[in-house]
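Student: I have a structure to look through. Can we go over it in questions and answers?
Tutor: Yes. Here it is.

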Amino acid sequence: MNNIDLPSTEEILFAMSEQPLGEGCEAKVYKIHTNPKFTTRVSLECPPLGELAKIIKETPIHKQKNIFDDRNFAQTLAYWKDPKNPAQPLLTVNFYCPGISIEVHKSGRPKPDSEEALIRTKVLSESILALPDSSFDDLYDDLLFLSSRKHSIDVGGGLFNNTGNILYSAVDNRMFIIDLQPFLQDHPGIPRNQKKGFNIPLYLARGLLPGAYCYKDEHCKDPDLIEYRTAIIEKVISGAKRNNLNDVGGYLKGSMDNMLNYWKVQLKLLNIPEKYHDNMLTRIGSVKDKNRYDSSTDFQTYIRVSGMEM
């Protein structure tokens, strides 16, 4: 995938005249239907379309090396800089990644206290539970691969709220990770020799639970959702054991005992019945770590709409 024919500026502008595929707190994402392998991710700070068209037609496009082989993380392939603030890209061209966000409170979706929101959360939870173990294994393989490329799930600036960065695809019968960040360097509290970023079961668990972050107050006592969440956590722990990925070595420093303290807090916040806690903690604490991929020496500065991170 080193030589990729990118969509034209006209195709990108045409896509931006349509309804967005999705919208977050930083950007809107449009599918380029005339070149459907790609999307464009456009900053919410972008100027009007006419002014933006002038910028992208008159300023050079900057290509970003694809270091992920044939894997699709909706990664950035190219971008345009903001002439007024060159450190901040105005828009990027990305691979199109299939599926819908596991998060359920994105723009235009149900309000937290609505019956519609509860139905949506349950349906998504049932869909994830219906996935075969091989789908969870694929997801773990992506986590292990990302760590070898010194990139991580982006948790959105806080603990455990990365549900918007995992897509569920019924067509592919699997889940996809999107919206990456490179391993942080020279950052307070982040060791330079850490190996996993946020690519650990602790973060994945919350990321696979629809509504667990945005509807934590409204849905935390619904008996069906408690049952679904418990079963999904079981799948996460079983996947960790099958794929030899534990919680030590990521941004949260410390021993497995320290990590289990975070797990205790998470299980309580998710209202997982206490009768399951000891068994879950014993199992996740017994996972043996085994690197599947050799670490890459090809570290790059990763450009995305939210800014340049290192």
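Student: In strand 10, which residue is the bridge partner of Tyr 168?
Tutor: This is a predicted model. Strand 9 (residues 166-169) and strand 10 pair in the antiparallel sense over four bridges. In strand 10, the partner of Tyr 168 is Met 175.

Student: Which residue in the hairpin of strand 9 and strand 10 takes a positive phi?
Tutor: The hairpin has four residues between the strands. The phi in question is near 55°. The residue is Asn 173.

Student: Are the residues of strand 10 buried or exposed?
Tutor: Strand 10 covers residues 174-177. Arg 174 and Phe 176 point one way, Met 175 and Ile 177 the other way. On both sides the verdict is the same: all are buried.

Student: In what order do the strands of the three-strand sheet come?
Tutor: The sheet is open, and its pairing is antiparallel. Strand 7 (100-101) and strand 10 are the edge strands, each pairing on one side only. The order is 7-9-10.

Student: In strand 9, which residue is the bridge partner of Ile 100?
Tutor: Strand 7 and strand 9 run antiparallel and are joined by two bridges. Met 175 is the partner of Tyr 168 in strand 10. Ile 100 also has its partner in strand 9, and that partner is Tyr 168.

Student: Which strands stand at the edges of the six-strand sheet?
Tutor: This open sheet has the order 1-2-3-6-5-4, with antiparallel pairing. Each edge strand has a single partner strand, so one side of each is left without a neighbour in the sheet. The edges are strand 1 (22-23) and strand 4 (62-63).

Student: Which residue in strand 6 does Arg 41 stand opposite?
Tutor: Strand 3 and strand 6 run antiparallel. Five bridges join them. Opposite Arg 41 stands Thr 92.

Student: At about what angle does helix 2 run to strand 6?
Tutor: Helix 2 lies across strand 3, strand 5 and strand 6. Its buried residues pack against those strands, and against helix 1 (9-16) too. The angle to strand 6 is about 90°.

Student: Why are the buried residues of helix 2 on the same side, and what arc do they cover?
Tutor: Helix 2 spans residues 49-58, and its buried residues are Leu 52, Ala 53, Ile 55 and Ile 56. Their narrow spread around the axis puts them on the same side of helix 2: an arc of only 165°.

Student: Which residues are exposed on the other side of helix 2?
Tutor: Exposed requires over 50% relative accessible area. On the other side of helix 2, the exposed residues are Gly 50, Lys 57 and Glu 58.

Student: Is Arg 149 buried or exposed?
Tutor: Arg 149 sits in the loop between helix 4 (133-148) and strand 8 (151-153). Its relative accessible area is 16%. The cut-off for buried is under 20%. Therefore Arg 149 is buried.

Student: Which side chain does the side chain of Arg 149 make a polar contact with?
Tutor: Arg 149 touches Ile 67, Phe 68, Asp 69, Asp 294 and Ser 296, not counting residues up to four places away in sequence. Its side chain reaches the backbone oxygen of Ile 67 at 3.1 Å. The side-chain partner, at 3.4 Å, is that of Asp 69.

Student: What is the relative accessibility of Asn 244?
Tutor: Asn 244 has a positive phi of about 55° although it is not a glycine. Its place is the loop between helix 7 (223-243) and helix 8 (256-269). It counts as partly exposed, with a relative accessibility of 25%.

Student: Where is Asn 271 found?
Tutor: Asn 271 is not a glycine, yet it has a positive phi of about 60°. At 31% relative accessibility, Asn 271 counts as partly exposed. Its place is the loop between helix 8 and helix 9.

Student: Which element has the lowest mean pLDDT?
Tutor: The protein averages a pLDDT of 87, and 90% of the residues score at least 70. Helix 9 (residues 277-285) has the highest mean among the elements, 98. The lowest, 51, belongs to strand 13 (residues 307-309).

Definitions and conventions. Residues numbered from 1 in each chain as written. Predicted model: local features only at pLDDT ≥ 70, side-chain atom pairs only at ≥ 80, totals over all residues. Heavy atoms only, no water. Buried < 20%, exposed > 50% of the residue type's maximum accessible area, 1.4 Å probe, protein only. Arc of directions from axis to C-beta. Contact = heavy atoms within 4.5 Å. Pairing = 2+ DSSP bridges. Polar contact = N/O pair within 3.5 Å; in protein donor to acceptor, adjacent residues only side chain to side chain. Axes fitted to C-alpha atoms, helices over the stretch in contact; angles between N-to-C directions. pLDDT = per-residue confidence, 0-100.
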